[in-house]
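Visitor: I have a structure to go through with you. Can you walk me through it in short answers?

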Amino acid sequence: MGTVTQVFCGVPVTDRAAGLEWFATFFGRPADEVVGTEALWQVGETAWVFVDEHPERAGGALITLGVEGLDDILGRLADNGVSHEPVETYENGVRHVVVVDPDGNSLSLAEAPD
């Protein structure tokens with residue numbers, strides 16, 4: 001296998017307009033790009049999350065995003081009506097929380113210790 005140079009993670013939603021609104025709230029901004037029917041958010045130098053309408057597949061995504069400033073992110077989400085599961089702290093000090101979108105897709109946020 002050659003070298004992987006980019007990662008694109010897809011999130012299927014039942015309703016494109018509602019999904020784009022929710023993910024704009026989750027990421028704190030509108031999509032960075034739209035290609036065809038896919039709305040893409042760049043989450044790292046070579047990493048993207050895309051949202052597209054696929055009702056038959058909605059609810060099955062499992063994505064973990066490494067973040068800095070977890071408390072600030074959770075505060076912004078709460079201010080916008082987005083709830084999350086309880087924050088866990090693993091033995092290695094990583095703080096982890098799961099945010100579930102309206103379709104049941106699981107978006108985890110993980111913050112490494114200082």
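Visitor: Which residues do ring pairs link into a cluster?

Guide: Trp-22, Phe-23, Phe-26, Phe-27 and Trp-41. Keep in mind that this is a predicted model.

Visitor: How many aromatic pairs in total?

Guide: The count comes to 8. One of them is Phe-23 with Phe-26, an edge-to-face pair. Their rings sit 6.3 Å apart, centre to centre, with 65° between the planes.

Visitor: Why edge-to-face?

Guide: Because the planes are 65° apart, and over 60 counts as edge-to-face.

Visitor: And how are Phe-23 and Phe-26 placed along helix α1?

Guide: They are 3 residues apart in α1, so about one helical turn separates them.

Visitor: Buried or exposed, those two?

Guide: Phe-23 is buried, at 1% relative accessible area. Phe-26 has 4% relative accessibility and counts as buried too.

Visitor: What about Phe-23 and Phe-27, what kind of pair is that?

Guide: A tilted one, at 6.3 Å centre to centre and 35° between the planes. Both residues lie in α1, 4 residues apart, about one turn of the helix. Both are buried.

Visitor: Switching to the sheet. What's the strand order in the open sheet of 4 strands?

Guide: β5-β8-β7-β6, with mixed pairing.

Visitor: Which strands stand at the edges?

Guide: β5, residues 62-66, and β6, residues 88-89. Each has a single partner strand, so one side of each has no neighbour in the sheet.

Visitor: How does β6 pair with β7?

Guide: Antiparallel, over 2 bridges. β7 covers residues 95-100. Glu-88 stands opposite His-96 in β7.

Visitor: What's in the turn there, phi-wise?

Guide: The β6 and β7 hairpin has 5 residues between its strands. Gly-93 takes a positive phi near 90°.

Visitor: And how many bridges join β7 to β8?

Guide: 6, and the two strands run antiparallel. Val-97 stands opposite Leu-109 in β8. This is a hairpin as well, with 5 residues between the strands. Gly-104 in that turn has a positive phi of about 95°.

Visitor: Which strands does α1 lie across?

Guide: β5, β7 and β8. Helix α1 is residues 16-27, and runs at about 5° to β8, residues 106-111.

Visitor: Where does α2 lie?

Guide: Across β7 and β8, running at about 20° to β7. Helix α2 is residues 70-79.

Visitor: Now packing. How many residues in the largest nonpolar core?

Guide: 24. The ones with the most contacts inside it are Val-11, Phe-23, Phe-26, Leu-65 and Leu-109.

Visitor: Which elements supply at least two residues of this core?

Guide: β1 (7-13), α1, β3 (38-44), β4 (47-53), β5, α2, β7 and β8 each do. α1 gives the most, with 5 residues.

Visitor: Leu-109 came up twice. What is Leu-109 in contact with?

Guide: Setting aside neighbours within four places in sequence, Leu-109 contacts Phe-26, Leu-65, Val-67, Leu-70, Ile-73, Leu-74, Arg-95, His-96, Val-97 and Val-99.

Visitor: Any polar side chain to look at? Say, where does Asn-105 lie?

Guide: In the loop between β7 and β8. At 0% relative accessibility, Asn-105 counts as buried.

Visitor: What lies 2.9 Å from a polar atom of the Asn-105 side chain?

Guide: The backbone nitrogen of Ala-61.

Visitor: Which residues is Asn-105 in contact with?

Guide: Beyond four places in sequence, they are Val-11, Pro-12, Val-13, Ala-58, Gly-59, Gly-60, Ala-61, Val-99 and Val-100. Val-11 is also among the core residues with the most contacts.

Visitor: Last one, Glu-33. Where is its place?

Guide: In strand β2, residues 33-35. With 39% relative accessibility, Glu-33 counts as partly exposed.

Visitor: What does Glu-33 touch?

Guide: Glu-38, Ala-39, Leu-40 and Trp-48, not counting residues up to four places away in sequence.

Visitor: And how far apart in space are Glu-33 and Leu-74?

Guide: 24 Å, C-alpha to C-alpha. In sequence, Glu-33 and Leu-74 are 41 residues apart.

Note on methods. Residues numbered from 1 in each chain as written. Predicted model: local features only at pLDDT ≥ 70, side-chain atom pairs only at ≥ 80, totals over all residues. Heavy atoms only, no water. Pairing = 2+ DSSP bridges. Contact = heavy atoms within 4.5 Å. Axes fitted to C-alpha atoms, helices over the stretch in contact; angles between N-to-C directions. Buried < 20%, exposed > 50% of the residue type's maximum accessible area, 1.4 Å probe, protein only. Polar contact = N/O pair within 3.5 Å; in protein donor to acceptor, adjacent residues only side chain to side chain. Core = buried A, V, L, I, M, F, W, Y, C linked by side-chain atoms within 4.5 Å. Phe/Tyr/Trp six-rings, centres within 6.5 Å; stacked < 30°, edge-to-face > 60°.
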